[in-house]
Each structure stands twice: as structure tokens, then as C-alpha cells.
Amino acid sequence: MEPYARHVLVCTGGFCSTERRGRALYSQLASLLQREGMLFGPARVKRSETPCLGVCAGGPVIAVYPEGVWYAPVTPDLLERIVVEHLKGGRVVESAVFHRLAPPPP
Ligand code: FES
């Protein structure tokens, strides 16, 4: 299997976003990754939908790995910034981060 550079988890559940706006974001993410040429090659990104990330408020919630950066509330415009600036450009969209994984113990 060709390796992935990043993995994006999109919550499509109905608790963090009662209108389940994560569903539309999950579809939009596919289009953006295709547009930016990130479905194949060294910058390849895996996207997955999940019914819950355990936050359940203020969503939709998106988590990006391996950085362990969590974004919310994600709008279509913010998703485009995350793809272009973070996934493609390597610069986290700091203003939209609400949680980060703790660094691994030494
Ligand atoms: S339903 Fe989205 S985080 Fe729980």
C-alpha cells in the first residue's frame, strides 16, 4: 500500500452538530483533496468519517494526524483553509485549533 502523509477524521455525528454538517464536510474534503492533488503521491491524505470523536459540542469536529490537531467548529471555508494551509502547506490553522494531543512521553 502506498503510504499516507496524513489522516483526517471527520465527525459526521449529530451531537457536535445537530444538523450533521460533518457529512457535507466529508464530501467536500474529497473534492478538495482531488483539486489539490492529494489523493496520490507523497502528500496523499486518508480521510475517514466517524460517528463521534467524544467532544459532542461545538462541531463539526475534525482531527488531523499525525499532528494530533483538532479543529472546531469547521465550516466549508475553514475546511478549505485546513486543506490548503495545513494539509498542503504544512502550516496549522492556529486560530481554529481547540485541542492538541499531548506529546508522547520521552
Ligand atoms: S458527535 Fe461529533 S464529537 Fe461526538
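Here is a short conversation about how this predicted model is described.

User: What makes the protein chain as compact as a globular protein of its length?

Analyst: Compare two values. The radius of gyration of the protein chain is 13 Å, and the globule rule gives 13 Å for 106 residues, so the chain is as compact as a globular protein of that length. Along its principal axes, the C-alpha trace spans about 40 × 35 × 30 Å.

User: Which helices and strands does the chain have, and how are they ordered?

Analyst: The protein chain holds two helices and five strands. Followed along the sequence, they give the pattern β-α-β-β-β-α-β. As for contacts with a separation of 6 or more, 62% of them link residues 24 or more positions apart.

User: How much of the chain is buried, and what makes a residue count as buried?

Analyst: A residue is buried if 20 or more other C-beta atoms lie within 10 Å of its own. Buried residues make up 30% of the 106 in the protein chain.

User: Why is Arg20 called partly exposed?

Analyst: Exposed means 12 or fewer C-beta neighbours and buried means 20 or more, with partly exposed in between. Arg20 has 17 other C-beta atoms within 10 Å, so it is partly exposed. You will find Arg20 in the loop between strand 1 and helix 1. Its phi is near 55°, a positive value in a residue other than glycine.

User: And why does Cys56 count as partly exposed?

Analyst: The reasoning runs along similar lines. Cys56 has 14 C-beta neighbours inside 10 Å, so it falls between the two cut-offs and counts as partly exposed. Cys56 sits in the loop between strand 2 (45-50) and strand 3. Phi of Cys56 is near 65°, again positive in a residue other than glycine.

User: What makes a set of residues a nonpolar core, and which residues have the most contacts inside the largest one?

Analyst: Members must be buried, belong to a list of residue types that includes Val, Leu, Ile and Tyr, and be joined through C-beta atoms within 7 Å. The largest such core has 24 residues, and those with the most contacts inside it are Val10, Leu29, Val61, Ile62, Tyr71 and Leu79. At least two core residues come from each of strand 1 (6-11), helix 1 (21-35), strand 3 (62-65), strand 4 (69-71) and helix 2 (76-88). Helix 1 gives the most, with five residues. In soluble globular proteins, nonpolar side chains tend to be buried together.

User: Which residues is Val61 in contact with, leaving aside its neighbours within four places in sequence?

Analyst: Val61 is in contact with Cys11, Cys16, Leu53, Val55, Trp70 and Ala72. Each of those pairs has C-beta atoms within 7 Å, because that is the cut-off for a contact.

User: How do you know that helix 1 and helix 2 meet, and which residues make the contact?

Analyst: The axes of helix 1 and helix 2 come within 10 Å and cross at roughly 40°. The crossing is right-handed. Helix 1 brings Leu25, Gln28, Leu29, Leu32 and Leu33 to the contact, while helix 2 brings Pro76, Leu79, Glu80 and Val83. By type, these residues divide into seven nonpolar, one polar and one charged.

User: Where are the cis peptide bonds that come before Pro66 and Pro73?

Analyst: One joins Tyr65 and Pro66, with omega about 20°, and Pro66 lies in the loop between strand 3 and strand 4. Another joins Ala72 and Pro73, with omega about -10°. Pro73 is in the loop between strand 4 and helix 2.

Methods. Residues numbered from 1 in each chain as written. Predicted model: local features only at pLDDT ≥ 70, side-chain atom pairs only at ≥ 80, totals over all residues. Helix = DSSP H or I, 4+ residues; strand = E, 2+ residues; numbered from the N terminus. Rg over C-alpha atoms; globule rule 2.2 N^0.38 Å. Contact = placed C-beta atoms within 7 Å. Axes fitted to C-alpha atoms, helices over the stretch in contact; angles between N-to-C directions. Left-handed = near helix turned anticlockwise from the far one by under 90°. Nonpolar A, V, L, I, M, F, W, Y, C, P; charged D, E, K, R; others polar.
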